[in-house]
Amino acid sequence: MALETFVVESTISEEAEHYKQIVSDGLTDLVLVRSIDKIKVVITPEETLFQMVIVLRGGLAPIKISDFAQAGVGTFGESEVVIDIENEAYLPQLLVALWAKYGRINVHQPERKTVSVSCEYPLKEVPLIEEMVVEDPQRTLQSRLIDLAIRATPEGFRVRYHSLNGNHFIFVATEDIMKKEWIEQAHKMLDELLGGEPSGSSS
Amino acid sequence: MAAVLEPYIYDGGMYKHGLILELLEDLGGYLIQAIPAASEVTLIMLIPEKDVHLVEALSTKLLGKLKKSPLTGTEIAVVSPTLAYHHLPHSACDVAEYLRRGGANTNMIGLARGMGRRVALSADYERKLINEHDIALFSFGTFSDCIINKKPKLFEGIEIPIVVTGGPDIKTEDIPNANMYIGGIGRVSHRLRKEPELEGLDTMNEMVSEMVDRVREEIAKDPLVVLPVRIMKEIKDQIPEIEHVLTPAPITIQLDGLRVKLPYDEFHERVENIEFDEGLTLSEVAKVMPSKMKNYILIKVQRKSEIGFVI
């Protein structure tokens with residue numbers, strides 16, 4: 001696994017090892033391995049407490065059309081922009097974005113790796129299309145991160161605290177009334193994980 | 001004196017499997033369930049002990065496999081504290097599937113409020129539903145503290161034998177009110193495919209079979225007035241509507257009764273009036289009651305000590 005740190009701790013070490021598998025399955029299912037740098041989970045069943053801190057890998061830039069395709073003016077006489085796709089991975093998102101902007105009737109896909117957009121002034125549209133953002137990994141990452149937290153927590157731990165501050169994610173869950181020191185503990189865990197760097201938490 | 005019946009599963013092609021059914025009928029055995037899947041068929045049956053070799057010879061001829069299935073004729077409740085979708089796939093799914101391979105009929109029961117430690121509880125309806133089965137298998141998680149100290153409150157009001165599965169190695173004695181504990185099958189969020197996991201499931205099937213044997217011995221001390229399979233056969237002969245029920249097991253055999261998947265209000269009188277060759281009706285030898293599962297009919301056969309004879 002490409003994580004720098006992946007620690008799961010519990011009162012009994014074998015049980016922690018077993019739980020690590022659950023977290024690891026969650027990471028694989030949600031394709032989070034590449035986005036996470038460090039992760040530490042501490043489970044204290046006697047106190048019904050689950051703490052998880054995650055340090056994300058930063059620098060996930062939004063994906064623009066120019067990142068995976070080339071846009072240009074179509075054949076002479078046709079007022080259209082032709083987009084040649086190099087990487088098909090973002091094709092569905094591309095179509096959705098184009099439909100939203102130009103309407104379904106104006107977007108055609110004559111062949112697998114070509115999409116054409118009918119518009120009045122193709123020359124003006126080309127730079128606009130090149131700069132269009134089709135996916136923001138940071139946004140989908142957040143929802144996947146929350147999903148991971150909910151999957152990894154024992155089901156009954158419904159009292160939850162979470163904080164996402166830049167690349168630092170803290171999650172504490174319990175069944176009883178949330179104690180302040182548990183949250184502080186989690187913040188300390190994050191500091192340790194960062195190697196003394198301040199976590200920059202606002203709470 | 002009735003012949004001793006042995007439970008077997010036949011796995012083979014659809015082609016000519018009717019020969020096996022004919023032979024079984026001639027020998028006086030019973031077909032409990034036939035599961036067709038494309039060109040394959042799985043037959044769960046009870047064969048008279050002395051004639052097993054005949055069926056074995058025929059199945060070898062048809063290039064099928066005949067193997068013993070000690071869990072046949074049991075209905076097991078696989079109880080999970082939760083069946084929440086974001087924890088899929090549950091290990092309880094694999095547990096239930098593996099028990100089915102052993103010949104058991106399993107029902108998965110996800111408790112509405114079974115999750116957690118302090119907050120875990122079961123409803124009266126759920127307890128009654130679980131008690132309709134032969135054995136309750138509780139599928140628990142990873143932490144021994146939870147399994148020993150917190151989860152056993154879910155066993156309150158359960159009158160049938162309780163088997164517990166979980167991750168850590170714990171002694172059965174440490175878990176209050178459990179009759180058996182099987183380790184190595186805790187909470188996982190992937191399908192159980194790896195070798196040690198499958199070995200754990202094999203051990204589970206063996207241990208559950210042991211538990212079934214214990215219950216069977218208990219019943220043998222005060223035998224049932226009539227075998228549940230015989231009631232099944234009479235229902236099939238006397239209530240033709242059962243052929244139109246589309247569930248996989250329209251009549252589910254239990255160790256001391258059976259579940260008939262016909263609406264209670266409409267059919268209970270006809271079920272009660274089922275006649276045996278000896279001149280008795282079913283209501284004289286068994287209790288026919290509404291089941292907690294949908295609107296099915298539950299039949300519990302009475303014991304020799306209650307009636308005074310065995311047919």
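Is B:Lys294 buried or exposed? B:Lys294 counts as exposed, because it has 10 C-beta neighbours inside 10 Å and a residue is called exposed at 12 or fewer. This residue is a handy way into chain B, and we will come back to its backbone below. Please keep in mind that the model is predicted. The predictor gives the complex an ipTM of 0.78 and a pTM of 0.83. For chain B, the average pLDDT is 91, and 99% of the residues score at least 70.

**The sheet around B:Lys294**

B:Lys294 is found in the loop between β12 and β13 of chain B. These two strands run antiparallel and are joined by 5 bridges, with β13 covering residues 297–301. Within this pair, B:Lys287 stands opposite B:Lys300. Both strands belong to an open sheet of 4 strands in chain B, whose order is β10-β11-β13-β12 and whose pairing is antiparallel. At its edges stand β10 (251–254) and β12 (286–290), each pairing on one side only. On average, neighbouring strands here are turned by 15 degrees against each other, direction ignored. A helix goes with this sheet as well: α7 (residues 228–238) of chain B lies across β10, β11 (257–260) and β13, and runs at about 165 degrees to β10(B).

**Another set of strands in chain B**

Strand β1 (residues 5–13) of chain B has two partners to look at. With β3 (residues 40–48) of chain B, β1 shares 9 bridges in an antiparallel arrangement, and B:Glu6 stands opposite B:Ile47 there. With β4 (residues 65–68) of chain B, β1 pairs over 4 bridges, again in the antiparallel sense. In that pairing, B:Asp11 faces B:Lys65 in β4(B).

**Backbone features to check in chain B**

Most residues other than glycine have a negative phi, and most peptide bonds are trans. Three places in chain B depart from this, and the table gathers them.

| Place | Backbone value | Loop of chain B |
|---|---|---|
| B:Lys294 | positive phi of about 45 degrees | between β12 and β13 |
| B:Asn177 | positive phi near 70 degrees | between β8 (162–165) and β9 (180–182) |
| B:Leu88 to B:Pro89 | cis, omega near -5 degrees | B:Pro89: between β5 (75–80) and α3 (91–101) |

Like B:Lys294, which is exposed, B:Asn177 is exposed, with 12 other C-beta atoms within 10 Å. That count puts B:Asn177 in the exposed class because the class takes in 12 or fewer.

**Chain A: two domains and a sheet**

Turning to chain A, the domain assignment gives domain 1 (5–60 + 137–193) and domain 2 (63–135). Their centres, taken over C-alpha atoms, are separated by 40 Å.

Chain A has an open sheet of 4 strands too, in the order β5-β6-β8-β7 and with antiparallel pairing. Which strands stand at the edges? They are β5 (69–73) and β7 (107–111) of chain A; each has a single partner strand, so one side of each is left without a neighbour in the sheet. Neighbouring strands of this sheet are turned by 25 degrees against each other on average, direction ignored.

The antiparallel pair of β5(A) and β6 (residues 80–85) of chain A is joined by 5 bridges. One partnership to find in the viewer is A:Ala71 with A:Ile83 in β6(A). Across β5 and β6 of chain A lies helix α3 (residues 122–130), running at about 170 degrees to β5(A).

**A buried alanine**

A:Ala152 lies in helix α4 (residues 137–152) of chain A. Why does A:Ala152 count as buried? It has 24 other C-beta atoms within 10 Å, and 20 or more are enough for a residue to be called buried. Leaving out residues up to four places away in sequence, A:Ala152 touches A:Ile22, A:Val23, A:Gly26, A:Val41 and A:Met52. A:Val41 is 111 residues from A:Ala152 in sequence, yet their C-alpha atoms are 9.5 Å apart in space.

**Where the chains meet**

Finally, the contact between the chains takes 22 residues from chain B and 18 residues from chain A. On the side of chain B that touches chain A, the residues divide into 8 nonpolar, 10 polar and 4 charged.

Conventions
Residues numbered from 1 in each chain as written. Chains lettered and ligands numbered in written order. Predicted model: local features only at pLDDT ≥ 70, side-chain atom pairs only at ≥ 80, totals over all residues. Pairing = 2+ DSSP bridges. Axes fitted to C-alpha atoms, helices over the stretch in contact; angles between N-to-C directions. Contact = placed C-beta atoms within 7 Å. Nonpolar A, V, L, I, M, F, W, Y, C, P; charged D, E, K, R; others polar. pLDDT = per-residue confidence, 0-100. Domains from an automatic or database assignment.
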